[in-house]
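Here are my comments on the model you sent. Please read them with the structure open.

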Amino acid sequence: MLSQKIALSILFLLFSFCAQAQVHVTYEKPKNNIEAEVRDLLKSTEAVELVEDFINTHFALPQSIEFVIGGEDGPLYDAQASKIIIPYLFIGETKQRFLAANYDDATVDNATIDAFIHTLFHEFAHAIIPLYNIPVLAKEEDAADAFAT
């Protein structure tokens, strides 16, 4: 009986030290007021955290992936760094397009967040295709769009 308790205790300790690969979110420091407004919009809706929770709950990732909100390039998946990068500028430009299309003020932020979530999942698809060795029979961009949709 004592040996079973010791064995179970050792297994529990081993499993508690084994870190599961997950998606983690990092917000880069905004460089100006426009980037700060975009960061504040994203944080106020918790959209990034909802996507992070969804992925961490439904995918057993073979390696961790970092969502970097901010930066200069992107949106893109950097396989070398295992990062998905979505610049504040991209999100800000998306919002400006909805404003230019005469969306009413109440839906501009929602439309921007929806487009942002689609972009996160699109780039996530680019990450998991090689991680899971998923065969793509056509263009990878089309497969990523289909996954995101």
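The points below go from the overall fold to the largest pocket.

1. Status of the model. This is a predicted model. Every value quoted here is computed from it, and totals for the chain and for linings use all residues.

2. Secondary structure. The chain holds 6 helices and 4 strands. Read from the N terminus, the order is α-β-α-α-β-β-β-α-α-α. Three strands therefore follow one another in the middle of that order, by the DSSP runs used here.

3. Burial and surface. The chain has 149 residues, and 35% of them are buried. Buried here means under 20% relative accessible area. The chain exposes about 9,400 Å². Carbon and sulfur atoms supply 57% of that area.

4. Contacts along the sequence. Take the contacts with a separation of 6 or more. Residues 24 or more positions apart account for 57% of them.

5. The largest pocket. Its space comes to about 200 Å³. The lining consists of I34, E37, V38, L41, L89, I91, G92, E93, K95, Q96 and L99. Two elements give two or more residues each to this lining: α2 (33-45) and α4 (88-100).

6. Which element gives the largest share of the lining of the largest pocket? It is α4, with 7 residues.

7. Character of the lining. Of the residues lining the largest pocket, 6 are nonpolar, 2 polar and 3 charged. The charged ones are E37, E93 and K95. G92 counts as polar under the grouping used here, and Q96 is the other polar residue of the lining.

Terms used: Residues numbered from 1 in each chain as written. Predicted model: local features only at pLDDT ≥ 70, side-chain atom pairs only at ≥ 80, totals over all residues. Heavy atoms only, no water. 1 Å grid on protein atoms, 1.4 Å probe; cavity = no way out; pocket = protein on both sides within 12 Å on 5 of 7 lines; lining within 4 Å. Points joined across faces, edges and corners; volume = space filled by probe spheres on them. Buried < 20%, exposed > 50% of the residue type's maximum accessible area, 1.4 Å probe, protein only. Contact = heavy atoms within 4.5 Å. Areas by Shrake-Rupley, 256 points an atom, 1.4 Å probe, with all protein chains shown as cover.
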